[in-house]
Structure formats: C-alpha cells, structure tokens
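Dear colleague,

I am passing on the structure we spoke about, and would be grateful if you could look through it with the notes below beside you.

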Amino acid sequence: MTSKLAALNEWVDEIVARTRPDHVHWCDGSEAEYRKLIELMQESGDLLALNPETHPDCYLHRSDPDDVARVEHLTFVCTEREEDAGPNNHWMAPAEAHALMNGLFSGCMAGRTLYVVPYCMGPIDSPLSRCGVEITDSPYVAANMRLMTRMGQPALERIEREGQFVKGLHSIGELDPERRYIMHFPEELSIKSFGSGYGGNALLGKKCHALRIASHQARTEGWLAEHMLIVGIENPEGEVRYVAAAFPSACGKTNLAMLIPPEAYREAGWKVWTVGDDICWLHPGEDGRLYAVNPEAGFFGVAPGTGADTNPNALAMLDRDAIFTNVAVTDDNQPWWEGLDDRVPAKDWMGRDFDPRNGPAAHPNSRFTVSISRCPTYSDQAENPTGVPIDAIVFGGRRASLIPLVLEARDWNHGVLLGAAMASETTAAATGQVGVVRRDPMAMKPFCGYHFADYWKHWINVGEKLTHPPKIYQVNWFRRDDQGGFIWPGFSENLRVLDWILKRTREEVDAESTPVGNLPRSGDINLDGLGDMPDMATLLEVDPDGWRAEVDVVEAFLDEFGDRVPETLRRELARVRSELG
Ligand code: GTP
Ligand code: SPV
Ligand code: MN
C-alpha cells in the first residue's frame, strides 16, 4: 500500500531505505489488524494473555526493566537557535541531532516490520485537530496508538486532503539506555525517537506531538496545548460546566477526570463527565470564551493506586480490551498492583515470584492502555468538533506544605503567575529521584516545546483575546500532617472543591481576599457527609513567612529565564510581595 500523498510516500521510502526493514505495513486501524498485532506479539512473547474469564482481551507487556518511564535527560528540543528552546529544554542543533539520529536509525529495522501509523489528534472532523504519521518498528506501539488515537484509514484520508502532517520516526533500537534519544524538531514539525518503547517516549502522538510540537504550533496560531484533563460537572439542574486542570505526571489528572461524586452529591443529582485525562488543546472561540478538545482517544493511566475506593470508574473499564504494562499478576493470572485490593500477587512486574523484599509488585509507573470509549462517564460532548467551553482552569501539584487546598487568582494574569510558579514533588513517571520538589510551571516542565518565558507571554496574550476568560485556581490535594498522612481525603471528595470553584465563577459565594489570592470563607466548602472532618484550618491557612520565602524562590526561578520573562509576571509577583509586607 501507499498513499495518495506524494510527500508521505517519499518520506516513507526515504525511511525504508535508511532503516531497511524486512516488511512494510501501512496501518488501517481495523479491528482485524489490531487482532493480528496482538497475535503476533503473543507469539513473540511481547504480550501475555491475562485471565480470559475475568479479563477478556486483556494483555500484559513486561518492558525492559531499564525502560519504564520518560527520560527527560535524553529528551531534546532542536530549534535553529538555542535560545528558542529555552533553559527549560535540553537543546541540540538540528543538523547535529539529525546526524546523530540518522546514524542510529541506519539499518536498525533489519529483520523487523516497519509500521506506518497515520493518526489524528482530536475528533476526526474537527478543525482544531491535527494529524501525524508515526513510523515505528514496534507492534506494541502500533497497537497502543490504535487505543490512544484515531488511527488508520480516516486519519490517512484527512492527511491526504490536508497535505500536512507531523512526521514521527521511532525505533525501539536495542532498548539500550546509552543509545536512547527523544528529539523534537518543532520548526520542521518532526520527531525522532530511538531506543525506548515506553509510552511518553514512543507513542509519538502523545507528549511528543500533542504537547511539545503542538505547543510550538499553538504559539504561532494563537491557541494553547496543555498537560490538562478536561471534566464536565453536571449540577442537579442538569447544567454541565467544564473545567480544565493541569497537574504534573502522576499527580491526579486521570482520577479527577473520572471521579464519582461523593454520596451526598450523587443523591442530590450531581454527575461528572470525562472529556480528557492528560492533554487539552484550548482555543479562543468567537464568543470570547475558551474552548477545549481532548486530542487523545484513550487513556495511558497510572495503575498503582487505582482501586474500588479511589477510582471505580477506571476499574470498570479495565476488565476487557486493555493492555497493561509492568503490572504484577495474581496466581490466576489477573492483573494486580498496589492499591487494587488486598490479594497477594504471584509474580511481580519483572515476572519473578513475588517477594516483598524486591520492592512493590507492580512498577510504581506501571500503566494501563484502554480506549476512552470504554469509560463509563465518557462525555457525549467529547467528540464535539468545536470543543467544550471552559469555565475554570485549575493548576495543582503535590506539595506537602504551604499551598492551600484551593486558591483563586485575582484575574487572568495573576492566574498565569500561579501557573508559572507551580511546583510539585517528582514522581515515578520520569526516571530520576522521586519526591523532590521542583518547579513545574503549568505542569509543562517536561513538555513545553519552547522557551518558558515566551510561553508565559503567550498565555498572557491569549488572555487578552478572551472577553469571557475562565477563572484560574490553584489546588493542592497532597498537603500532609505531622505524621506524614494526607490531610485532605482527595479523590471523590475533590468535587467539593470543584463545586466551590464553579460557585465562584458565577459569584454565588464571596471569598476571602489574601495577599496570595482568594480563599474560601470558612463553611463555604461543602463538607456534608464527610466522615472524619479534615483539618480545614490547616488546609486553608496562609502562612506569611512561608509565602515570603516562596516568593523569593519564585523570583529566583523566573530570573533563570532572563529578559524574556514578561514584565506583567514580575509586576504580579511584586504585588504579592508588597501585600505580604
Ligand atoms: P499521568 O498519567 O502521569 O499524567 O498522571 P495523572 O496526573 O493522570 O495521575 P493519576 O490520576 O493517574 O494519579 C496518580 C497517582 O496519584 C495515583 O496513585 C493516584 O491514586 C494518586 N492520586 C490521584 N488523586 C489523588 C488525590 O486526590 N489524593 C491523593 N492522596 N492521591 C491521589
Ligand atoms: C505522563 O508522564 O505525564 C504521562 C505518561 O501521562 S507519558 O505518556 O509517558 O508521558
Ligand atoms: Mn501525563
């Protein structure tokens, strides 16, 4: 097969000549093709069938033990000018990066099949969507792309019509961490990834295209590509309002996107609808509001911590048609991870007999891949080609202290400062140390495809175009008490905070103004039906000394981005400092 688009055929020919695969397969995205890929991987041992009675059409992939997370130190943004990539990215000159990658790709697919994977990020008929083609030698990647994106024939037809697509080239190589690079060429709309099969490094439609390349495109086109979930909250009157929320990796997006309301809310008639759980493209609409689409079509979710008490909606979609990566299994071959239930697993994620002395049974960054259409709360507006209107933007992180449960920005520009100043404890979603606080503006530290200062300026510019901008909030579900326990119960109960946020967007309740932003008045967060009362005084305290120190840290952080930092942000920070006294 070939396509009707000469540019695509030429590119495929060029890559075939360089990588020298034994076979070339153009993916059509059909069910039959998916089955065939699965069969092939079962034969090669890449996939193991899980218990067909309890988990029909579910498979386990055990990755190379050195290939379990994103590799930020090996991820590059290759712009012509180094300063355009910014201090937030690793940079390499495009010519040097191409030479390095072309060397790695040379002959690397000998003995393998090359898959041509056309995909569309976003609803297939939406003007907001963008297409790409990933060339890969991994059937695991091809199968995951079918679950995660609109992959196959309809995407190819759109690409042929538009004549434009992001070029992604991927090979697992030898899975050697010493020969592993994830390279982005935003000015050429292309990606080259070598040496890893892990989600964020290898499913190129996701972080590489829909965030790093798209954020760059979005800047030139006047929109925003963000690391955000999109959720619809339906009140008892049947009105649905939408919130987009950015949290760093493994900090609660999937959970918030599909939460089940607490009992008291459920009984009153509240419902929650899932539009997206990881990536959000935000476009200013003609009516001056901000509209969101989810470019993805599936979940690549964190398994550990997903249980009947935390995320029953996720569990409900994981008992068929799912691919699990690096989870443990029980003695009857069911997938298992920490936080699922109190059974004892038989084999750990590496396939060894489970022994707690080896650490957790499931890898802390073990994941499930499943089509979003399997989500019981999938929103009927998720495929709307114009997107859903956003009433509130939420920034959250993992902060053991200081940051209150919820804080409202005074206006859009103050909200941009809250986003730019975000910090969070690192997690297992990326290789490196876990649990250290690092600045992660807008949860985009690993994903912004250009200079952060330009990105903040772009946020300010987008705000200026909106006559009805969403209100902006900061939340923190992860504040800890003296014993190290989480003070706020989290999960379902987070709806109580979203309820307050949505009330505020309509000015249905007042708030208490403080130097750092507006806080709920005591009693305005509805705690009806909560068993143990959390320590709300601590959750909502503003410690002036702690905040003064925070302002200093934020200022030093902004300074790292030099002259390009918009004056507006510095003014906002100066205002906070002077009000803190
Ligand atoms: P990525 O897919 O890496 O971008 O992660 P994510 O932001 O979607 O995070 P996810 O919802 O998968 O949650 C990651 C971990 O945080 C899981 O172990 C959850 O159980 C835990 N978590 C999620 N929400 C809460 C919460 O409200 N409170 C607490 N204490 N933990 C939470
Ligand atoms: C994240 O790390 O933020 C993820 C998983 O959502 S990955 O696709 O690997 O980026
Ligand atoms: Mn993510």
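**The two ligand sites**

In this predicted model, an oxygen atom of ligand 2 lies 3.0 Å from an N or O atom in the side chain of Tyr 198. Two further side chains offer such an atom to an oxygen of ligand 2, that of Lys 207 at 2.7 Å and that of Ser 249 at 2.5 Å. Taken alone, ligand 2 exposes 280 Å², of which the protein buries 98%. The shell around ligand 2 receives two or more residues from each of α7 (199–202) and α8 (205–221), and by class it is made up of four nonpolar, four polar and five charged residues. At least three of its residues come from each of domain 1 (6–46 + 73–221) and domain 2 (226–297 + 380–580).

Turning to ligand 1, 22 residues surround it, and Ala 250, Lys 253, Thr 254, Asn 255 and Arg 367 come nearest. An oxygen atom of ligand 1 is 3.0 Å from an N or O atom in the side chain of Asp 278, while the backbone takes part through Gly 305, with an N or O atom 3.4 Å from a ligand oxygen, and through Phe 491, with a polar atom at 2.9 Å. Ligand 1 by itself exposes 660 Å², and the protein buries 92% of that. Its shell draws at least three residues from each of domain 2 (226–297 + 380–580) and domain 3 (298–372), and α9 (253–257) contributes the most to it, with three residues.

With best wishes

Technical notes:
Residues numbered from 1 in each chain as written. Chains lettered and ligands numbered in written order. Predicted model: local features only at pLDDT ≥ 70, side-chain atom pairs only at ≥ 80, totals over all residues. Heavy atoms only, no water. Polar contact = N/O pair within 3.5 Å; in protein donor to acceptor, adjacent residues only side chain to side chain. Areas by Shrake-Rupley, 256 points an atom, 1.4 Å probe, with all protein chains shown as cover. Helix = DSSP H or I, 4+ residues; strand = E, 2+ residues; numbered from the N terminus. Nonpolar A, V, L, I, M, F, W, Y, C, P; charged D, E, K, R; others polar. Domains from an automatic or database assignment. Near = heavy atom within 4 Å.
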